[in-house]
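These are my notebook entries on a multi-chain model, written down in the order in which I looked things up. I began with the contacts between chains and went on to pockets, cavities and single residues.

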Amino acid sequence: MPSSACSKFLIQNKMETEKDKSKTRRDFFKASALVATGLALNAVVMKPGRAAAEIERATAAKIPDPDVQYGFAIDLDKCIGCGNCAKACKIENDVPQEPFYFRTWVEQYVVKCDETMKIESPNGGIDGLKQSVSKEGIEKSFFVPKMCNHCAKSPCEQVCPVGATFRSPDGVVLIDKEYCIGCGYCVQSCPYGCRYISPITHTVDKCTMCYHRLKKGLQPACVEACPTGARMQGNLRDKDGPLVKFIKEHNCRVLKPHLNTAPKLFYNSLSEKVI
Amino acid sequence: MDPNYQHLYDALSKVEGYIYPNEIGLNWGILIVLYPYITGLVAGAFILASLNRVFKVKALRPIYEISLLTSFSFLCVATMPLIAHLGQPLRFYEMMITPHLTSAMAIFAFVYLWYLMAVLLLEIWFDYRKDMVIWSGEKKGVLRLIYKVLTLGVYDTSPKSVAVDERLGYIITVVGIPSAFLLHGYVGFIFGSLKANPWWSSVIMPVVFLFSAMVSGIALVLFIYMIISWIRKQKLDMKCLDSIGKFLFYILIFDFVLELLDTVHRVYTAEESFDIISILMTKLFFTLTIGQLLLGTFIPLLVLGYFQFSKPKDAIRKASYFIISILVLGGIFCMRWNVVIGGQLFSKSFMGFTTYKARLLGAEGLLSSIVIMIIPCLILAALLWLLPPWKKKNMEAY
Amino acid sequence: MPQQVTRLLIVFAVFIGMFLVAAAFLKPASFGEYGHYRGNAIKEIAAKEIKFVDRKSCANCHNDNSDALAGAEHALINCQTCHGPGYKHNQWFEQNKSRFMRQDPASGIWTVDTILVRAAKDIPEEYKLLKPNERDACLKCHAINAARREKVVRQIDVTDHYDVKKKCVECHPPHAPNS
């Protein structure tokens, strides 16, 4: 199922691009003009040592880029539950430090010998996760980092009354915090509990896949902070890219597939126990 | 510790099982309980009015105008709890200028406006137009000016013109019935269409909301009619009271059967979410078992059912109707509470619960809720003073 | 048409007209550029400043540590995973860059003198990076836990490992722990 679902997803997106292309051609020219101006400016301001890297980034930054579909994968075999991803995310994205607001967090699952299950995520796992069940009582245990699934059929985008939550042409579900009215309807509609109302802006907030970093040619903060390379971000349209390759080669699943939200967050070794 | 987060830390310490970390604080509090409650009262009161006008239930004539004005008063404040709970209340207009057509909440703004402007306002206007012309001639000063403005400068009271009012008013009432269904069915859809939440996600949610709306609206008019008569020291029309009681009884049965169907279906199919929902139902003991079922449904059903077979003395019936109207109003409030708050108490991971404690102060507090419930009563009082049904010249119409 | 109907139609027309005019004025300019949302929002989100800097920039000055890290067990770990986000640290460097430039006498090219940078002692507290050396910092990854795969990370039961009062880093240099 996973690989076929993935290829179906890719085909569907391919079709969408074809449609998008004609519609956004004009925008594309506009964007290219912007990039060109940016390059010219950079060339003047930039100091010689840094110029090459900066130009490389500016070329990468087509905002938005309809030829790209960003996706994400997490290899649960590699996750060691250190919580560095959640910690880095809070810093990078100015998420309030209180333990009620998370763009990403890590859950620790323990299937006990008596077949009951215990899930924990104190402070989203930021302070590291410890076992509260004694070694003898553990049948199996694993970590599951959670974040926005950037669903292709996102229920949150569907219910937003004003168009403040949207799917960008490059496939990331984003929030316009200048336009959000803070009704919380999207929070209710998200099956994954990925959204919260920010106590600072009083608008909704969630993972942006570090869109601002992607557009500067950098990886999301959680990916950078992960010590084991369990998190991967990439372009689902890039058939030979590392992300698509990883999804193809591993037994990847998505969360709550029965809800038909078409997540773009793929998990390797996802237990059926994960909710 | 920042006192702003104190209630969240309290909730965190009471979490049972596992819930997603973003779910500890409830997004929708008591104000969103009020929102379906108030729109329900609006729709229910209107449907009671149309029973008289469209379905020719003569016994309900004395409460026709009261129902309409009650409906209108509550409709005026229906959006207040919604706007008050927004994180950015001043951006409310965005819902009107850029409505997202796939969002149930965005379309609600238009359903609401349609109902307010095209149905209720017009129906009241056609019903009162002739009287307002007459009153503008009788009164002096500011009041005279107000009536003149309200007539929009149409002073024709010829039988032909009044017949046009009559005819158009009737058409609007006929259009109004599906509109009232739409208004409150839509509120049900706002909850029923969220597949992420099994407590809400249900095909019959709009229908359940609609019938509970009728129940609450009828109970409200019953209550208001008795209060108004008591203030005006007028004799209650027992035929009218019995008639309201009869309709309340039938619709309460429908409402109960629908909710029973929903529950039986949940229990029998016992889907993935059933375990958590069955625990939730025990957690809602006070509002569900006591408030909604025992006080709000069973006792009124028994008493009203008994009245269908035998008629005790007027005084006993009056007292019973009064108590029943309060019980039913409380019961439906509990029902809204169970839906809105209950639906957020359990985690979407189906593995645990958080808690909710309504705060006294603040925009989302108890006090502001009480204020929001008092405002429509004040509007109604003002409307009854400006447009007194008992001074109308065509009291015997319909 | 009856008089009251015409009058009502006028009132409604005025109301709807006013609404349409208001809507036209209030609607943001870039709304609908790509879909039912403000197109500019994408650019605004993309313009947010970064805090975790490009990992390559650390090695520009701290080449001693990056050399130690290369080939060691922690080679793949981003410096900022342990040391915290580098944006402020970099800001300080950019502001004081002129102090650390040195001209190569042969070619005449100006480069950063990394030894000079690392010797700088006047970096204010708020621009400093974290230097976690307490046990918990290591144990976030290395404490024994049934959920951790042994082949991914080496784990230790600290209750019976050597002297519990000693810091891990005293025996295991963090940049090359297996050396």
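**Entry 1: chain B against chain A.** Before counting anything I fixed the term: I take two residues to be in contact when they have heavy atoms within 4.5 Å of each other. I also note at the outset that the model is a predicted one. With that meaning of contact, I looked up chain B and chain A and found 40 residues from chain B and 50 residues from chain A taking part. The area buried between these two chains comes to about 3700 Å², and carbon and sulfur atoms give 56% of that area.

I then asked how many salt bridges the rule finds across the interface of chain B and chain A. The count is zero, whereas the search for polar contacts across the interface of chain B and chain A gives 28 residue pairs, both residues being at pLDDT 80 or more. On the side of chain B that touches chain A, the elements giving two or more residues are helix 1, helix 5, helix 6 and helix 8 of chain B. Sorted by class, the residues of that side are 23 nonpolar, 12 polar and five charged.

**Entry 2: chain B against chain C.** Here I found 19 residues of chain B in contact with 15 residues of chain C. The buried area between chain B and chain C is about 1500 Å², with 79% of it given by carbon and sulfur atoms. Which three residues supply more than any other three of the area that chain B buries against chain C? They are I97(B), T98(B) and L152(B), which together supply 34% of it.

The count of salt bridges between chain B and chain C is zero, and I noted six residue pairs in polar contact across their interface, again with both residues at pLDDT 80 or more. At least two residues each of the side of chain B that touches chain C are supplied by helix 5 (94-97), helix 6 (104-138) and helix 8 (159-192) of chain B. Helix 6 of chain B gives the most to this side, namely five residues. By class I recorded 12 nonpolar, four polar and three charged residues on the side of chain B that touches chain C.

**Entry 3: salt bridges.** Having found none in either of those interfaces, I searched the whole structure and counted 32 salt bridges over all chains. One that I looked up is formed by the side chains of D176(A) and R38(C), at 2.6 Å from N to O. This pair crosses between chains: D176(A) is in the loop between strand 6 (173-175) and helix 5 of chain A, and R38(C) is in the loop between helix 1 (3-26) and helix 2 (39-46) of chain C.

**Entry 4: the second largest pocket.** I read off a space of about 1200 Å³ for the second largest pocket. It is lined by 40 residues, and those closest to its centre are H7(B), L8(B), L26(B), R359(B) and E364(B). Two or more lining residues come from each of strand 7 (196-197) of chain A and helix 1 (6-13) and helix 4 (80-85) of chain B. The largest share, four residues, is from helix 1 of chain B. The lining of the second largest pocket has 19 nonpolar, 15 polar and six charged residues.

**Entry 5: cavities.** Searching the whole structure, I found eight cavities of 30 Å³ or more, and the largest cavity has a volume of about 160 Å³. Of its 14 lining residues, the closest to the centre are Q188(A), E23(B), N27(B), Q344(B) and K348(B). Helix 5 (185-189) of chain A and helix 14 (342-345) of chain B are the elements that give two or more residues to the lining of the largest cavity. What classes make up that lining? I recorded three nonpolar, eight polar and three charged residues.

**Entry 6: backbone notes on chain A.** I noted a cis peptide bond from I63(A) to P64(A), with omega near -15 degrees; P64(A) lies in the loop between helix 2 (51-60) and strand 1 (70-75) of chain A. For N123(A), a residue other than glycine, phi has a positive value, near 50 degrees. I placed N123(A) in the loop between strand 3 (117-120) and strand 4 (138-147) of chain A.

Definitions and conventions:
Residues numbered from 1 in each chain as written. Chains lettered and ligands numbered in written order. Predicted model: local features only at pLDDT ≥ 70, side-chain atom pairs only at ≥ 80, totals over all residues. Heavy atoms only, no water. 1 Å grid on protein atoms, 1.4 Å probe; cavity = no way out; pocket = protein on both sides within 12 Å on 5 of 7 lines; lining within 4 Å. Points joined across faces, edges and corners; volume = space filled by probe spheres on them. Nonpolar A, V, L, I, M, F, W, Y, C, P; charged D, E, K, R; others polar. Buried area = accessible area lost by both parts, 1.4 Å probe. Salt bridge = Lys/Arg side-chain N within 4 Å of Asp/Glu carboxyl O. Polar contact = N/O pair within 3.5 Å; in protein donor to acceptor, adjacent residues only side chain to side chain.
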